[in-house]
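Here are a few exercises on chain interfaces and one helix, each with a worked solution. Grab a viewer and follow along.

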Amino acid sequence: MESDKNFVLGVYDDEDLLLKGIKDVREGGVKIHEVYSPFPVHGIEAAMGYKTSRLSVAAFLFGLTGTILALTLQIGTMTVDWPMIVGGKDFLPFPTFIPVTFELTVLLAAFGMVGTFFTVSNLKPWGKPRIFDLRITDDKHVMAVDLAKNKMTEDEIKQVLQSSGASEVNNKNFV
Amino acid sequence: MHAESVVRQPLVTGGKTVHDITNDICGRVEEKPAKSWMLAMALSLSLLAIGGYYVYRLLWHGIGEWGLNKTVGWAWDITNFVWWVGIGHAGTLISAILLLFRQRWRMAINRAAEAMTIFAVICAAMFPILHMGRPWLGAYWALPLPNTFGSLWVNFNSPLLWDVFAISTYFSVSLVFWYIGLIPDFASIRDRATTTVRKAVYGALSFGWDGASKTWSRYETVALVLAGLATPLVLSVHTIVSFDFATSVIPGWHTTIFPPYFVAGAIFSGFAMVLTLLLVTRKVYKLEDYITVQHIELMNIVIIVTGSIVGVAYITEFFIASYSGVEAEQYAFINRAFGPYWWAYASMMTCNVISPQLFWFKSIRTNIASTFVISIIVNIGMWFERFVIIVTSLHRDYIPSSWAMFYPKAADIGVYLFSFGFFFTAFFLFAKFFPVINMAEVKSIVKATSEKTDK
Amino acid sequence: MKNNKKQYWKGLEELTKNPEFEKYADKEFAEYLPINDESEGEGTNRRDFLKMMGFGIAAASLAACEAPVRKAIPYLNKPVDVDPGVPNYYASTYLNGSDFCSIVVKTREGRPIKIEGNKLSSLSGGGTSAQVQASVLSLYDKERLEDPVLDGKATTWDALDKAVISKLGSLSGKIALVSNSIYSPSTAAALDALKAKYSNIEEIAYDQVSFSGMLNANEKAFGKRAIPSYDFSKAKTIVSFDADFLGEWLNSPLFNKQFAKTRKLGPNKKEMSRLYSFESNLSLTGSNSDYRSAIKASQQGAYIANLYNDLAKKAGAPTVSAGKVGDSANLTKAANDLWKSKGQSLVVSGSNDESVQGLVNAINNLLGNYGSTLDLNAANNTRKGDDSKMVNFVKDLNAGNVSGVIFFNCNPVYDHALGKSIADGLKKAKFSVSTSSRKDETASLVNAIAPDNHFLESWNDAEPTEGKFTLTQPTISNLFNTRQAQQSFLAWSGDQTSYFDFIKENWKNTNFTNQTKETNFDKFWDQCLHDGAFEVASSAEAIEVGEIAVDYKARAAGSGIELVFYKNNSVGDGSQANNPWLQEMPDPITKAVWDNYLTISRKMAADLGLTPGDMTTKLVKLTANGQSITIPALIQPGQAQGTVGLALGYGRSNGGKVANGVGQNAYPMISYKNGFQEMAVTSGVTVELTDETYRVAQTQTHETYMDRSNVVQEATLSEYKKDASAGRAFPMISTYHGKEKPGNVSLWEGHKYPNHHWGMIVDMNSCTGCGACTVSCQAENNVPVVGKAEVLNRREMTWLRIDRYYSHTEEADELSGLDKLKKMEVPADNPEVTFQPMMCQQCNNAPCETVCPVAATNHSTEGINQMAYNRCIGTRYCANNCPYKVRRFNWFKYHDNRQFPENTSMNNDLGKMVLNPDVTVRARGVMEKCSFCVQRVQYGKLEAKKEGRRPVDGEITSACASACPSEALVFGDMKDPNSRISKMLRLEDGENGLEVKEERAYNMLEEINVKPNVWYLTKIRNKEESNA
């Protein structure tokens, strides 16, 4: 049986049931494909055992790039390329470079990080998501279990989901 | 993990379930536009048209269409610019700073506030472009673009150039921040969509959001870091705007107190404008359960605080002027209060310093009507503040022979109306076609805070 | 169709079955076309065709990319002395009515574009006046007549001459030749030729402002009907009774120079003249005087008589019955000073009353000024008008006793008191001809107009002062089909010689013979033409001045309101009223443009119940001498109580598009008293307030300097003698380590200026505020005229302005705090006046440069703050941040824009010829400002470079400095130790650049440390005590 095609879905009514469910299901030895929620459920990272995201590191690196870019731009144009006497200031008036440097730092940090986020999460205007259940964006939390990825039989898995407090358990097959 | 602040009152009243929230908010988008909305739209479009005529005159004949002169080179144009930028502070501030402080009451209002920010900043950005003698060139000459003249670069000493960077950065970061928040809600609309068009449009807008927990956890990190970046950004924008004046040599402009004082003023006017708009939206869309009196009260408290800060700043300016012993400086401030523009100064004082003090009374700060009135008064006052700073400082500076008065012309008013026309048009479009409340966030607090949790 | 047997042939060939034709019969192109068949190996086939077509298209599109071609027609045969881009200078003379000035004309590619003073001529001391500077624009006035006019229709010169000759010939009665004073020998000769032909011609001369009284008095006293030439430079004490010699009285450029000489101070010249003035209106002279009394016009006689008596007592001469005077303090003071400086003093009066001028002569005689400050032997010829003659002429004209009238370059219908009756009388004359160059008030009434050239198109000579000649030479060929008047006279007298030869001939017989230096006439002539001047000791026999008898009857002072006329420096007598530069030049005193108005005292305004606002006032109904006009009233500090002032030269009806309808004509109000024109109406004057509001455009509305010592620094002579730095303010900045000079408190090192460092000195002591510099700047730098409406919007474009400050009312000193500030805005009733020319200060730490986002304004390595117009995006941030408010913004498109018809130098093809090709005409939406005439600096440097030397001091100077008659503006290189500026500032090298050792020199607003390159020298008043 090939993977990423046939799923069993456990539908939970609210975040607390979901968190408890995740715990039970994982203890029940079932590998969870992914959990889908209408809103961020706090504590789910732990429950699902996610590592903390490194996006903040990306942000920092992009920010650094911004700083360097800004200083290069300003010193390059004002001091190196074409120095001009402006208001009797030196050709390298560092204090006046601060605001632009700050702004460019923030700009690149923000855009760089968001860009990364969109890429890694595969978010794009033409993105065609796989919708397990239309109620996910409304009020239901859905746990998807990939049959192919589990040694257990479909019924055993359904059993585990049932007992973990899912309000419904149903099948979802993509062709 | 984050620490929950103990919840005193429910932030969402009326026993809403998560599903009710989806219905309430998405419903507004799906249903046919209301009569009241149509009317409002018509009004703002006509404002836009009237203003548009004066913008045309300005662009076709020249800046002379305004009332400016050899002595007063800036008046309504930059006044409006600073005023709009100030208003444009509330949104990002609310979402960013309140997010960092885990103030959950923000969740009901940040969406609309951010939208307002975006539109206000666009209105603001209009004026630096329009006020140029040659906007068709200035619009891009002010950017450090490589060009055929090789060495023709911009002047990084100029606060006006810092503005270019500050405003554009602030605008684009706010936009991103706002949009990220919108994505899951667009997804909700997408999944409820009945028509193909709506499905397609909101499908594209929602960037293919599927609500996976992994994405959600990344989403939260992004929101947090963005908030961390946006907070100093918000503070920097008005600081840099204030540099336009603070770094000059003109008495009344050349003042080191400007950055904090401008930021306070910005938050002050920003919150006032948010209130004005929210109170209307709340009424029209019957969102009383989401935007509760508690929200309004909390915002009114912010207004008292910032209003008082501004008041102290006004007084400090006078003290410093007299203490400095600089003749021109002292005259500039005496002239502000008692010179030909005393009436502008007086209205600024009443609107900004006195009127917010009424909010010390709980009855007033929890009263919708009075809040609405004062929120408008505050913004009138803030407009006058900028007018006072710009015009009264310029019209009598160092050389008495050049002292002159400024009288606005039709185009001054017209172009200001244009910015209003744009602002309201944009806001009403937003209110109709975008989810006005951040559903995902509100949903996440509904169980914890809504009265009836068992379904 | 089927059964149609008709046969159609394509042509004979088909009928005759021509094989060659058959072959291609079915082809589209019956005849052989190579492109049609592929197989054809050689020759061009379709591919080649396509290639060619492709290339063709490419080529065509490439060609289309070229910029549109502007037509520039090169010289077919280049004139020897005209090099494109290189100006030529010609010495010439400005002649307009009775006024003159010895000038040098700058031409570019054959176009006169600028006028400078002629330093080689002593006649006007190398200085100019605003009107002289502006006259170059009058040359390009589109509304000058383009053809001679006969009976209202354009005609040819032959036709006109025929008509005029026959008419004049036919006239039996008297023919009047009316003109302003004629002092051109050759013109006189030409007129003699005319008179020889027509014996019945009688010459009648008048001056807009009559001097007959003085002329008659002098005739009585010295037997010579002439005005002496004055030398103010020799005078230690000067007393002026309403004689505005720094403004419009006689030869103001020269008088300014002479007067300024006595006001210059320095380490080794600590003495200066003292000027007393007694006048009704605040004039330039009054505003530059050390002691000024505001007196009623009717009192002038009494004042002069009292002065005479005071001096007579001292001299032991007989006194006269004088009558009482109001302000005797200043008078006795004046008398004492005059007596102290006997022989080195001067008393002048603007009165046109014979007996009063008699007194003045007597006074100057008592003081022994004849021969020192007054010279009768070199008499001033520029005023010869005779009131009585003119009056009689008008009588005769109306009586029909004058059969013909020739108006020679004059416009009496407009600018004479009896203009109206002249207009009426003209109908009775059989024939009248005018040489006016435009269809003015007079010319529009005559039968024939023989339009004269503009003086820049003419040959002429003049003898303004006996023995001092000046030549006029054309600098451009006639723009229109005009002919110079003298040529017309010759033609009408039947003489065919050209006026040029006529002048030469005339000089050969007169001046050439009166000199010994040159033996060859041509060389002599060329030299004179080159210098524009020729001077020879007067041939007239010297006059001995003996006892002068005085016959003066004390007159009762008028009790009612008195109307006092004056000419201002801008529009003057009104002959150049169609010149927008003059109309928009601020009146040096009121700073108002595009109008004349009734100047009234604050007290009178209060009595009338007039409370003017910001440039808004009310119209008043002024009645005097039987005439009445409604005119705006303007409060004028220094206006004598009970008097009102009114400027002549406005209210033209046929002056041209610019001039017409600007202000009201005051000439008809001039009245006669015992045969003499009076420049004041002393009885029967009424002023009633109407409730019509009116806006008078002023370029300066705040009149006091609010005691700001960082703007104006002044002291009295006595203080100055004690301490050269008297009146100076030395701001200090408090720092953590005590007080510091502003210059020492800076974040930056600053920059050194290795090669040149241009700077300017403005000597507030010798600046009389005449305004010649402002017009000169306008002409040099293509500064647009914006019109009254825009000036009301406070948007005048002048790069150089002269700030005029009044001392504030005394009450302010008693007060304190807010009341003091409010009172300080109110000028005193008889204020001290300070003139302060303001141009870009070229700051080394320029605030404007810092704030420009696109670096459109930045600093040159020679210390000049430069503007790159085509980089400017017009944020106006620089103007806001300019502490001196000297930057000007192009609010609209001022050139090629029907919205601004007044701006003739940019809005019509002819007017544009005056533009200086070295200076950009600024586009809409860009900032502009004084550039220190960088184009002149560059030109001077290049000239020097070509000759492989450094520029010599004085060869590079700004337009304002070169125009200044009193040399109050000094431009130069502060790096050149021998330059005038270096010497005057006594520059020395200090640890941080050049240090100024001259105590009087200060930078305006020193405390903000913008380090200007313009230095002001303190204003020193020659008073005992400093009082406002």
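**Exercise 1.** How many salt bridges are there between chain A and chain B?

*Solution.* Start with the rule: a side-chain nitrogen of Lys or Arg must lie within 4 Å of a carboxyl oxygen of Asp or Glu. Between chain A and chain B that count comes to zero salt bridges.

Before going on, some ground rules: this is a predicted model, where local features need pLDDT of at least 70, side-chain atom pairs count only at pLDDT 80 or more, and totals for chains, interfaces and linings use all residues. Residues are numbered from 1 along each chain as its sequence is written, chains are lettered from A in the order in which they are written, and side-chain values use heavy atoms, with hydrogens and water left out.

**Exercise 2.** Describe the interface of chain A and chain B, beginning with its contacts.

*Solution.* Step one: 60 residues of chain A are in contact with 57 residues of chain B, contact being heavy atoms within 4.5 Å. Step two: the two chains bury about 5300 Å², with 70% of it on carbon and sulfur atoms; that's the accessible area (1.4 Å probe) lost on putting the two parts together, summed over both. Step three: there are 18 residue pairs in polar contact (both at pLDDT 80 or more). Here a polar contact is a pair of N or O atoms within 3.5 Å; within protein, one must be able to donate a hydrogen and the other to accept it, and residues adjacent in sequence count only if both atoms are side-chain atoms.

**Exercise 3.** Which helix of chain A gives the most to the side that touches chain B?

*Solution.* Helices here are DSSP runs (H or I, at least four residues), numbered from the N terminus. Helix 4 of chain A takes it, with 15 residues.

**Exercise 4.** Now do the interface of chain B and chain C, salt bridges included.

*Solution.* Contacts link 63 residues of chain B to 57 residues of chain C. About 4800 Å² is buried between them, 54% of it on carbon and sulfur atoms. The rule finds four salt bridges here. In one salt bridge, Lys885(C) pairs with Asp397(B), the closest N and O atoms being 2.9 Å apart. Polar contacts add up to 43 residue pairs (both at pLDDT 80 or more).

**Exercise 5.** Which residue follows helix 2 of chain B?

*Solution.* Gly62(B) comes next, and its phi is positive, near 125°.

How values were computed. Helices (H or I, at least four residues) and strands (E, at least two) are DSSP runs, numbered from the N terminus.
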